[in-house]
Each structure stands twice: as structure tokens, then as C-alpha cells.
Amino acid sequence: MPQTTRRAFIRQAACAALGTSGLLSTIWDLRKLSAATLSGDYKALVCLFLYGGNDANNVLIPNDGTNYNTYAAARGNLAIPRANLLPLTIQTGDGRQYGFHPSLPELASLFNQGKLTMVTNVGTLVAPTTRSDYINGTAAVPINLFSHEDQSVQWMTSVPDRGDIRTGWGGRAADLVASLNGNSKVSLALSIAGTNTFEVGNTVIPYLISPDGSLGLRGIGGGNNDQIRIDGFKKLLALPHNKLFEAAYSDTMSRSIAENEVLSSALAGVTTPQTVFPDNELGRQLAMISKLIAARSNLGMQRQIFFCSVGGYDTHGDQIAAQAGLLTELSGALNAFYAATVELGVEQSVTTFTASDFGRTLPTNGGGSDHGWGSHQFVMGGAVRGNQLYGTFPTLAVNGPDDTEDGRWIPTTSVDEFSATIARWFGVSGSDMSTVFPNIGRFANPNLGFLG
């Protein structure tokens, strides 16, 4: 990797950690809270963010005559032919059938094996919202609804009605369970996709690595005296620093160097999983996560949270071809990752879930779809209670009961409910749930039941 890339990465990691220093005085001082009551067994969360707003209307599709025809008429040239759908073995209770997009054969197989499910019509909600309240303007709605940046952050914070929240729900959950990792020298929050709000806690600071591993320092400029330069840099960092910025920078860099050394050693000491991953962006990220899971004992980890991501899901145009490629990448990479967890014997202990800015409009704009609201999200792992959908599938009708008037679904399941179900499985106790999800008391279903 070129030296400039390494330097840029190190600067990014330093800035990410520095940016959390002021969060220690926020309203959630989790250090004063008791740790969640947990059994001590290993568990890991993997958040896969699909940046841009995945069009889930073409991911999970009605596969019975009447409902498919309604879908096809509304989607126009975006409709996937019914003959191409991948049938799902599903217990809906109402006789309705569904299929996956034809580019998701591996995920359809995992669904039919009960190892993957979908939670339908999930989105950012300030409180339960009806169509009439939305149209009348009496509903409280998320800040800057339909904005990529704002909705992405709100998915990660689970606080859509405040703009001053700088911690993510994953980070706040991490604060509660960090003590389970004892004296581990590496953060339990590891990102393979750069900075993100999801993993930022009040006390837990995410550690950023690349799909190729921990970058660390590489001689600071190159040459034949690399180790001498590194040792000299460490001595400079260890000097007393009276100015706040210098002290924070020194602490951040020293911690990053120490974590890199521990992480690199731990990775070098484990057998790499033999599962073959697709050679694409997501495949490489998930392959690295599988290696980090394999190194859990060397790292002294009982809990780990990972973040990875893929962009390109903002399909305003050329959606049919673009989404097919994106979903092919998604299906192959997630399937390989699940196989790797089986190889490592931790499939019951690792839960992977997707998130995305928002859904997209049901009607076509001619070549694609525009920004929506509610969407459907994947949850994968051995602990999934599969062969059924969770949440309420929307009525696919413009100006129907779930529509804002533009073919955008008003969510019937909140991000809070979706995420709280995952956090509960991870070990956050019921008494601490409002600390991680301040608005959870506004919603009826803090446990949707899709994880056992």
C-alpha cells in the first residue's frame, strides 16, 4: 500500500478517536451504570451499512398472483419478472408468498435454511406515525427526513429527533459490555470501513483497520532505519504534554500504536479461515472480520462489534443493472461470511445485520427510484429464528395506508425496535435498554423476537 494511503489512514483514525474525547460528558455517562448481566459466552455483532438507500422493494417481492400483479403495476419498468424470483420457504400465516431478487441465490438458500430473515418496513421514527398524522402535519418526524447524511446517522444513533447526538447505539451498547473483555488491549469496536457513528461510545473508542489488516506505522517516511524512527516517535509521544491538543494527540497515537502491535501479533498467531470469499470490496471486508473473530481468544475478547459498508445503493438511474451487481456482491459475500462462522464454530454467536439510509419510492422515476423512508433489512446468523418475516409488510399502493403520498412507506417498525432486539441478544439488559435507546419507551415492541 502506498505510503500516502497509510498516512491518510492514520490521520483518519487519530481524528476519529479525538472526536470522541468530548463525548464523555454527555447525558449518557455510562461509566456510572452497572454492566449488563451476561453469561460471559462469546458474542459478536456485524453491522453492514448499505450506503445510498437500498431499494428493498426489489429485494423482497410478493410471489403470489394478486399481490405480485399489484407490485408489477406500481413498479413499472423496475418490476422484476415473477418467473425470475427466488421462492422463499416462509410461514406467513396469511398464505402470502414472497421471493428474493434473482441476484440473491445464496441468501435465498440461507433464508430457506432458517439462518437468515428479513424485518420489513423498518425506518427512523420519532414515535409511531400514521398516514393521517403525517399528511396532516401533526406527526413528529425525523430531522431532515429523506436526507442521506441525516438518515444514515440516525440509523446509527437511533435518536432521530436530536441533532446533537454523537454516540451510536453500538457504541453505547459497547460501553455497557466492555468489562467482559477484561484487560484486553484492543477496542471491542472494530471498523473495516473507516469512521462511523454507530460504534462511537462514551468510553469505547472504535479502532479502524483495513481489509488487509492493521496498518500501524511503517517507518515514518521509509528508508533503512525504520525501527529507529518508530522508536524515536514513541519517545516523543511519551514526553510530558501540557497543552490539551498535544496531550490528546499523544494519547490517541500511543493507544493506536499499542493496539496495532497487539492486533498484528494476535492475527499472526491464528489460522486463517479456509472459506473462500469473493474478491470484491465487501468480500475482503468480511474476510478480515472472520480473521478477527478467529483471533478472539488471542485478543481476550468475549464481545466484539464490527462495522463494514458498501456504497452505490443510491439508484436514481440505471437501477436494474446497478442493483443486480450490488446484490450479487451482497449475496456472495454474506454467504461466505456465514460459512466462515460455521468453520470457526461460532455461527450461533455471530449476528450480522444490514442497515441503509432509507428505502426508495415504489414508482419509477424513469430509470430508477428516489429517496424513500421505510425499508426491509436482513438479519443473518445461527441464532436467527428463520423461515418467517418480522414486522409488517407494507401495502404496495401509492396513496395506500402505508404511503406518504409519494410511494414512500411510513415505517411500521422503528429502528429502535429493530436495533433493541439485536442489542438484547448481544447482552444489554432490559433495565439498561433505555440508556442505549433513549426513545424505546415510545414503541410497543422492544423485542421483535427474530433472535433466539
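Trainee: In what order do the three strands of the open sheet stand?

Mentor: Let's start there, keeping in mind that this is a predicted model. The pairing in this open sheet is antiparallel. Strand E2 (60-62) and strand E3 (86-87) are its edge strands, each pairing on one side only. That leaves E4 in the middle, and the order is E2-E4-E3.

Trainee: Which residue in E4 does Leu 86 stand opposite?

Mentor: Good one to look up in the structure! E3 and strand E4 (residues 98-100) run antiparallel and are joined by two bridges. Across from Leu 86 in E4 you will find Phe 100.

Trainee: Which residues touch the most other members of the largest nonpolar core?

Mentor: You have just met one of them, Phe 100. This core holds 108 residues, and its largest share, nine residues, comes from H11. The residues that touch the most other members are Phe 100, Leu 286 and Leu 330.

Trainee: Which residues is Leu 330 in contact with, leaving aside its neighbours within four places in sequence?

Mentor: Leu 330 is also part of the contact between H3 and H11, and Leu 107 of H3 belongs to that contact too. Leaving aside those sequence neighbours, the partners of Leu 330 are Leu 48, Leu 50, Leu 107, Leu 282, Tyr 313 and Phe 378.

Trainee: Why are H3 and H11 described as oblique to each other?

Mentor: Helix H3 (residues 105-112) and helix H11 (residues 319-344) have axes 7 Å apart and pack at an angle of about 45°. Angles under 35 degrees count as roughly parallel, and 65 to 115 as roughly perpendicular. An angle of about 45° fits neither class, so the two helices are oblique.

Trainee: How do the residues of the contact of H3 with H11 divide into nonpolar, polar and charged?

Mentor: H3 contributes Pro 105, Glu 106, Leu 107 and Leu 110. From H11 come Leu 330, Ser 331, Gly 332, Leu 334, Asn 335 and Tyr 338. The division is six nonpolar, three polar and one charged.

Trainee: Is Tyr 134 buried or partly exposed?

Mentor: Tyr 134 sits in helix H4 (residues 131-136). Buried means under 20% relative accessible area. Because Tyr 134 has 22% relative accessibility, it counts as partly exposed.

Trainee: How far apart in space are Tyr 134 and Thr 404, C-alpha to C-alpha?

Mentor: These two residues are 270 residues apart in sequence. Even so, Thr 404 is among the contacts of Tyr 134, along with others including Trp 373 and Ile 410. Their C-alpha to C-alpha distance is 7.1 Å.

Trainee: What share of the residues of the protein chain count as buried?

Mentor: The chain has 13 helices and twelve strands. Of its 452 residues, the share counted as buried is 56%.

Terms used:
Residues numbered from 1 in each chain as written. Predicted model: local features only at pLDDT ≥ 70, side-chain atom pairs only at ≥ 80, totals over all residues. Heavy atoms only, no water. Axes fitted to C-alpha atoms, helices over the stretch in contact; angles between N-to-C directions. Helix = DSSP H or I, 4+ residues; strand = E, 2+ residues; numbered from the N terminus. Parallel < 35°, antiparallel > 145°, perpendicular 65-115°, else oblique. Contact = heavy atoms within 4.5 Å. Nonpolar A, V, L, I, M, F, W, Y, C, P; charged D, E, K, R; others polar. Core = buried A, V, L, I, M, F, W, Y, C linked by side-chain atoms within 4.5 Å. Buried < 20%, exposed > 50% of the residue type's maximum accessible area, 1.4 Å probe, protein only. Pairing = 2+ DSSP bridges.
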